[in-house]
Amino acid sequence: MAPHPVIQAIIDFSAGAAGGTACVLSGQPFDTAKVKMQTFPTMYRGFIHCFISTFRQVGLRGLYKGTTPALIANIAENAVLFLSYGLCQDAVRFMSRMDKGADLSDLQKASAGSLASIFSSMAICPTELVKCRLQAMHEMEASGKVARGQKSTVWTVVKTVLKTDGPLGFYQGLMSTFMRELPGYFCFFGAYEWCRSTFARHMGTSKDGIGILPLMFSGGFAGGCLWLVVYPIDCIKSRIQVYSLAGRQEGFIKTFMGVIRTEGFTALYSGLTPTMVRTFPANGALFLAYEFSRKLMMDAAGA
């Protein structure tokens, strides 16, 4: 028997939060390298150079710079995403004139995931802006875009945004976030469900019975598909959010065209290597934590 809709919403929200926590703790150093390479592609020769340079300059804590807002961002995003994902599946069933609780196809689940990303974008944009600025603060100072010696903490970044741009300043890069999330999460959930279906078919079991390793591989594969599709958009989003620290930044189209003119198309893929290295353990951990915590809570609720 399905639990009460409110109980179901709480379960989806909590499981999403657990998944977001696992995702950050397993992949933060790679995400830091990604943001640094996206915003200052000429400063590093590659992922290993960026990783080693950061470690030498500011130590291990430099690779975990922005972990607090990253945790807040991922917990908020995934909690809202998976809560919305459940509700959007009901919306897809309604639009498809299906019975409540009926199984959806992988394509229908991908559509529900894309729709859910509209809500998660609103949750992640402010915290991701703070995270990106913290991660790239050293490079902003080294390039002369901001004065050296500024105290760099979550609170100082938040105060700076409020002082210079007001509350709406936290939503710089929101349009880029929408443009990234809508196609990205269609691919993300579509690839995840397709991969699980493929494992289940070959193993002669249900999706829920494929085991830990196939489940983690499905999550990593889903993350890889997401980033390959939306990476250039994410690169522009990072630049808008980081460079706006030094003054008003151009919008998505002007920033995009500026990068193409001055740095070439390949600059849009700066930092792709650490992203792809990160995606399998991080997204594997995300779905493992989500699926298992959700199952535990559903069992506890008698569903």
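This report walks through a greasy surface patch, an annotated span and three buried helix residues in a predicted model.

## The nonpolar patch

Let's start on the outside. Phe94, Met95, Leu115, Ile118, Phe119 and Leu182 together make a nonpolar surface patch of about 600 Å². Two helices, α4 (67-95) and α5 (106-135), put in at least two residues each. The largest share belongs to α5, with 3 residues.

Leu115 is one of the patch residues, and its place is in α5. Is Leu115 buried, partly exposed or exposed? Its relative accessibility is 32%, so Leu115 counts as partly exposed; the band for that label runs between 20% and 50%.

## The annotated span

UniProt, in an unreviewed entry, gives residues 210-231 the feature "transmembrane region". In the model, that span is 91% helix and 0% strand. From one end C-alpha atom to the other, residues 210-231 cover 30 Å.

## Asn283 and its contacts

Now for helix α11, which runs over residues 272-300 and holds Asn283. This is a polar side chain to look at twice: Asn283 has a relative accessible area of 7% and is therefore buried, as the cut-off for that label is under 20%.

What does the side chain of Asn283 pair up with? There's a polar contact with the side chain of Thr279, at 2.8 Å. Setting aside neighbours within four places in sequence, Asn283 also has contacts with Phe188, Gly219, Gly220 and Gly223.

## Ala282, next door

Ala282 sits in α11 too. Its relative accessibility is 0%, so Ala282 counts as buried. Which residues does Ala282 contact, once neighbours within four places in sequence are left out? They are Cys23, Ser26 and Gly27.

To tie this back to the patch, take Phe119, one of its members. Ala282 and Phe119 are 163 residues apart in sequence, and their C-alpha atoms are 22 Å apart in space.

## Ser197 and Lys207

Over in helix α8 (residues 174-203) you'll find Ser197. With a relative accessible area of 16%, Ser197 falls under the 20% cut-off and so is buried.

The side chain of Ser197 makes a polar contact of 3.3 Å with the side chain of Lys207. Not counting residues up to four places away in sequence, Ser197 touches Asp106 as well as Lys207.

Conventions
Residues are numbered from 1 along each chain as its sequence is written. This is a predicted model: local features need pLDDT of at least 70, side-chain atom pairs count only at pLDDT 80 or more; totals for chains, interfaces and linings use all residues. Side-chain values use heavy atoms; hydrogens and water are left out. Patches are made of residues with over 30% relative accessible area and no salt bridge: like charges are joined within 9 Å, nonpolar side chains (Val, Leu, Ile, Met, Phe, Trp, Tyr) within 5 Å. Accessible areas come from the Shrake-Rupley method with a 1.4 Å probe; for residues, only the protein chains shown count as cover. A salt bridge is a side-chain nitrogen of Lys or Arg within 4 Å of a carboxyl oxygen of Asp or Glu. Helices (H or I, at least four residues) and strands (E, at least two) are DSSP runs, numbered from the N terminus. Buried means under 20% relative accessible area, exposed over 50%, partly exposed in between (1.4 Å probe, protein chains only). UniProt positions are given in the numbering used here, feature names are shortened, and annotations may be inferred rather than shown by experiment. A polar contact is a pair of N or O atoms within 3.5 Å; within protein, one must be able to donate a hydrogen and the other to accept it, and residues adjacent in sequence count only if both atoms are side-chain atoms. Contact means heavy atoms within 4.5 Å.
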